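Here are a few exercises to work through with the model open beside you. Try each one before reading its solution.

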Amino acid sequence: YTILSKVHSDRNVYPSAGVLFVHVLEREYFKGEFPPYPKPGEISNDPITFNTNLMGYPDRPGWLRYIQRTPYSDGVLYGSPTVENVGKPTIIEITAYNRRTFETARHNLIINIMSAEDFPLPYQAEFFIRNMNVEEMLASEVLGDFLGAVKNVWQPERLNAINITSALDRGGRVPLPINDMKEGVYVMVGADVPFSSCLREVENPQNQLRCSQEMEPVITCDKKFRTQFHIDWCKISLVDNTKQVSTFQEVIRGEGILPDGGEYKPPSDTLKSRDYYSDFLITLAVPSAIALVLFLILAYIMCCRREGVEKRNMQTPDIQLVHHSAIQKSTKELRDMSKNREIAWPLSTLPVFHPVTGEIVPALHPDSYDNTSMPLMQTQQ
């Protein structure tokens, strides 16, 4: 179901269009090419990283991806070739870097994409596996176990792994580095028979409702995957290409000759002078004149037409002025009289305890004290 090859100098590989292609860049092969060369029996574990690109270009083709977690792990090229590249050799330059000695080694990988007779498979299903990373899923034994589980559930005659995509490439978040969390991986497979009843259970209204409520749907065949693969059944995608309506429209090609639009007349090389005096008047002079007129009107109103106190008194009747003056005089006399009043302190403000001995002091008043001014609240013994 997958093409797995190892690194050799100028190696030719022949993947099929629409079938998953996996190419492993093994560090063991490049260790012997970096000086100082290891002696017989000596173990070398230098950190090695790889850079892959299409010959003559800074990056790889759109269908080809590359992953290497650490400099001490192997690199993996993987992807699904397209039909457009069939028959065109694709040369990938592989550059290995020794991070200890800063030495490099370069090899070419020639990919000859072949056309598949049974491509495209009409029934395609994409699974989301939550407990796997992409490099773990690309291992031949793990991918073989998954395809075996799918084959037991689907029962097809032909089953191919079409593509594998990391959840990070689909907009997923980087998992937290706790509890050995995985980023997740999407695996698309294709078959030549319709989907089984087990896979169709995801489309039931009950399971759709559970998925909308972020609950796990009830799938009868989930136990066949649960031992090794934790599948998110709410994210499964079933595509039936036999029911797809073709939207291809035939392109009507013309003669490739544009209609005659006359002789081309370029603009003149000389520029005409332009008078900006009128623009100045409209932009600055006119608004400034309007603002000056408004300022003069406001200044006249505020400064030249003040009535003042004398004019106000002249327009006020004499009887009203006399009445107002009498009120002011009476108010002033009452205020002066209130300043000379002597009133005994109320009982509520007299001390109850002697400030030195602490004995209770009765609140006594002289005989001349006016009982009428005694407050209503008496002191409590």
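**Exercise 1: one helix, one face**

In H3, a DSSP run of H or I with at least four residues, numbered from the N terminus, the buried residues (under 20% relative accessible area, 1.4 Å probe, protein chains only) are Val-142, Leu-143, Phe-146, Leu-147, Ala-149, Val-150, Val-153 and Trp-154. This is a predicted model, where local features need pLDDT of at least 70, side-chain atom pairs count only at pLDDT 80 or more, and totals for chains, interfaces and linings use all residues. Residues are numbered from 1 along each chain as its sequence is written, and side-chain values use heavy atoms, without hydrogens and water.

Task: work out how the buried residues of H3 are arranged around its axis.

Solution. Start with the geometry: an α-helix has 3.6 residues a turn, so residues three or four places apart point the same way. Now look down the axis of H3: the buried residues fall within an arc of 155 degrees, so they line one face. That arc is taken over directions from the helix axis to the C-beta atoms.

**Exercise 2: a helix in the open**

Task: check the span of H9 (residues 318–339), then its burial.

Solution. First, the expected span is 1.5 Å times one less than the number of residues. For the 22 residues of H9 that gives 32 Å, and the end C-alpha atoms are 32 Å apart, which agrees. Next, the number of buried residues in H9 is zero, so H9 lies largely in the open.

**Exercise 3: an annotated stretch**

Task: compare the UniProt "transmembrane region" with the model.

Solution. The unreviewed UniProt entry places this annotation on residues 280–303. There the chain is 100% helix and 0% strand, with end C-alpha atoms 33 Å apart.

Note on methods. UniProt positions are given in the numbering used here, feature names are shortened, and annotations may be inferred rather than shown by experiment. Helices (H or I, at least four residues) and strands (E, at least two) are DSSP runs, numbered from the N terminus. Buried means under 20% relative accessible area, exposed over 50%, partly exposed in between (1.4 Å probe, protein chains only).
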